[in-house]
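This report describes selected strands, sheets, domains and the relation between chains. The structure is shown first.

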2 protein chains.
Amino acid sequence: MPDLPPFAPIPASLPATVPFVGPEQMERERGRAFAARLGANELTLEPSPLVTETLQQAATDEARWYPESTNHDLIDALASHFGYHPEEIVVGEGIDGLLGLVVRLFMAPGDRAVTSLGAYPTFNYHVAGFGGVLETVPYNNDREDLAALAARARDTGARLVYISNPDNPMGSWVAHRDVEKLCDAVPSDCLVLLDEAYAEFHTDPEAITPPGFRRPNLLRFRTFSKAYGLAGLRVGCAIGHPNLIAGFDRIRNHFGVTRLSQRAALAAIRDEAYLTSVIATVAAARERLADIARENNLTPLPSATNFVTIDCGRDGDYARAVLREILARDIFIRMPGPAPLDRCIRISTGSDAELDLVSEVLPEALKATAHI
Amino acid sequence: MPDLPPFAPIPASLPATVPFVGPEQMERERGRAFAARLGANELTLEPSPLVTETLQQAATDEARWYPESTNHDLIDALASHFGYHPEEIVVGEGIDGLLGLVVRLFMAPGDRAVTSLGAYPTFNYHVAGFGGVLETVPYNNDREDLAALAARARDTGARLVYISNPDNPMGSWVAHRDVEKLCDAVPSDCLVLLDEAYAEFHTDPEAITPPGFRRPNLLRFRTFSKAYGLAGLRVGCAIGHPNLIAGFDRIRNHFGVTRLSQRAALAAIRDEAYLTSVIATVAAARERLADIARENNLTPLPSATNFVTIDCGRDGDYARAVLREILARDIFIRMPGPAPLDRCIRISTGSDAELDLVSEVLPEALKATAHI
């Protein structure tokens, strides 16, 4: 009988890590469905009618055909939309998929990457997955500390620095001029990754990285998973210098973005009126969530995203208890991992009905944790 | 001004290879659309009505939600369907995506992988992409030579051996007992990859690897891209020992298979009547394609797939000329790359209308190449 072949050294050294446990898995473990899904910062609105019509047509007409391997039409539309040339854009299976490719393109085993302590776990997962070493810098006043990130990159000779603006999980933001300074302050062989998953929700004009902004050591990341409401379809893009973008073609899964995803994303980007209405709906829900927090004597942090991070006013053990009580009342939410961010819980901007439920459940959860 | 950060050593060494040029890109370069799309072995039938209804519903109801990260329901259905336990199955973004993960899991830079000369380019692409070294063995009489592949694996200490059964691009097949022998004959740390993308079309019962067949050093790959007609949705699975399957969770993109793909694949696997009718339709089209070849004094190779590989009876230059003439007449087809396979062209089993066109165009193409 043959043996079980061993893994290669890097995968052999990895833990069986999963960046996130999904709500469906939690439902199976709980044995009960959630009544509101407010933990993954998904949009709670249906996609644009233009998108659903396109998908319905493509389901019949095109599901049998492989995707268009260059994402040509979508890249053309993204280029116009974001103020770039097509050769400055690569489309991939969400920002998650693109981050994996970026780590593989730029980091050899043992190389360093810098991120904020408590920032996006999937970036950290990819760094570990390719044998990289992660350097973390604390948040400063619930914001990413770009000067400290740059300093750490210089101290460690890092190849990558990852930031998100607006930030997840805190909902905060940094000024665009500080992103520019970061690009100038990192070592000459270091690439800055600017994750703009939530950028459509920016509230402060100073925070917006303008269309067509270019630095040779900067990659911008955009997604259809948030404001466009297409998280289930896995489409994102990276924007940067053509020589860097060309590198993705050496390693990417050329037929990896589904044909329906390509069609849906193209329809989504063309429906600007829908995007405008989504942004307004999300802003209103964000205000209401903040009001609900304040009514319960909690502190909503300022947010430029489709979620509100709520300071529970005490330590991590307390916030985790509040989270458990909310989950037990069938609302799926999440919270930041490390201290001091873990004094907070994070709730996505739900529909009116979902926020009614939050407003009902939150006082109960706080009452249930009053003894702590 | 910052510099352009360099790639890591392995990606820096890679060419800007693309495993396949897609038909849409060829259409852009030609400046004219194809009238028939018979080059990628896609199904020319619409998916099962159960699938399209499911997709149409999911487009409205679920596009905004991230995919279920464990592919739980689909894996359960696949486990029943193929005779395995759920922990023996991992779902990924088509076999293409899974092959990338397998190479990453098992090959360190400089490790060897063995394949047949002229077999699946995407496997070769992934091997090169992770710094592996490819060893190729010639086909024997248009079939993969499993004994020679095993011998080469032993001679080179290979970590992976890749075969497909039925085979692409030749349409041929090997006996299941020879697959068993291959598993027994490779080195103890070598994994056998059995790509069964076309397995639903098997014509010889002896060639079928039975449900529930297990070897600790074997991974089977199945897909929804061929007989299920869902190439555009990118869903496939790998089946093997639970310890190997668990390894994928260390490195895969956990939310990478789209939610619509999960729904569509689950609906597809439940519609057995549709699959039966597809297999009959494809068998009839295969016969007709073979007849068309014979009517033109060409030799159709026996096929257990949804394509027919046609021996043009002369050398590679001649077959490439025939291919060019067929492309020029607006039928998208492909052909094998290296000699002696390149004496053939490969045509997917099209619809009646598409095969009418083949029957019209093939004699013209042969006439146009008569001077060679």
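In this predicted model, strand β6 of chain B, residues 191-195, is mostly covered, with 5 of its 5 residues buried. In a regular strand the side chains alternate between the two faces of the sheet. For β6(B), one side carries L191(B), L193(B) and D195(B), and the other carries V192(B) and L194(B); all of these are buried, so that both faces of the strand are covered.

Strand β6(B) pairs with β5(B), residues 160-164, in the parallel sense over 5 bridges. Within this pairing, L160(B) stands opposite L191(B). The two strands also belong to a β-α-β unit: β5(B), helix α8(B) (residues 176-185) and β6(B) make a right-handed arrangement. Strand β6(B) is further joined to β7(B), residues 218-223, by 4 bridges, and these two strands run parallel. Here D195(B) stands opposite F221(B). D195(B) is also one of the buried residues of β6(B).

A separate topic is the antiparallel sheet described for each chain. In chain B, 3 strands form an open sheet in the order β9-β10-β12, with antiparallel pairing. Strands β9(B) (299-300) and β12(B) (344-348) stand at the edges; each has a single partner strand, so one side of each is left without a neighbour in the sheet. In chain A, an open sheet of 3 strands has the order β9-β10-β12, and the pairing is again antiparallel. Its edge strands are β9(A) (299-300) and β12(A) (344-348), each of which pairs on one side only.

The strand pairings with stated bridge counts are set out below.

| Strand pair | Sense | Bridges | Facing residues |
|---|---|---|---|
| β5(B) and β6(B) | parallel | 5 bridges | L160(B) and L191(B) |
| β6(B) and β7(B) | parallel | 4 bridges | D195(B) and F221(B) |
| β9(B) and β10(B) | antiparallel | 2 bridges | T299(B) and D311(B) |
| β9(A) and β10(A) | antiparallel | 2 bridges | T299(A) and D311(A) |

Strand β10 covers residues 307-311 in chain B and residues 307-311 in chain A.

The relation between the chains comes next. Two copies of a chain are related by a rotation about an axis and a shift along it. Chain B is superposed on chain A by a rotation of 180° with 0.0 Å of shift along the axis, at an RMSD of 0.0 Å. That is the relation of a two-fold axis. In chain B, the C-alpha nearest the axis belongs to Q56(B), at 2.4 Å from it. The same surface serves both copies, since 100% of the contact residues of chain B recur in chain A.

The last topic is the domain division of chain A. Domain 1 of chain A comprises 20-46 + 273-368, and domain 2 of chain A comprises 49-270. Their C-alpha centres lie 25 Å apart. The contact takes 24 residues from domain 1 of chain A and 24 residues from domain 2 of chain A. On the side of domain 1 of chain A that touches domain 2 of chain A, α11(A) (272-295) and β10(A) each supply at least two residues. The largest share of that side, 4 residues, comes from α11(A). By class, the side of domain 1 of chain A that touches domain 2 of chain A has 15 nonpolar, 6 polar and 3 charged residues.

Technical notes. Residues are numbered from 1 along each chain as its sequence is written. Chains are lettered from A and ligands numbered from 1 in the order in which they are written. This is a predicted model: local features need pLDDT of at least 70, side-chain atom pairs count only at pLDDT 80 or more; totals for chains, interfaces and linings use all residues. Two strands pair if DSSP finds at least two bridges between them. A residue is buried if 20 or more other C-beta atoms lie within 10 Å of its own, exposed if 12 or fewer, and partly exposed in between; C-beta atoms are placed from the backbone. A crossover is right-handed if, with the strands pointing away from the viewer, the path from the first strand over the helix to the second runs clockwise. Copies are superposed by least squares on the C-alpha atoms of residues with pLDDT of at least 70 in both. Two residues are in contact if their C-beta atoms, placed from the backbone, lie within 7 Å. Domain bounds come from an automatic or database domain assignment. Ala, Val, Leu, Ile, Met, Phe, Trp, Tyr, Cys and Pro count as nonpolar, Asp, Glu, Lys and Arg as charged, and the others, Gly among them, as polar.
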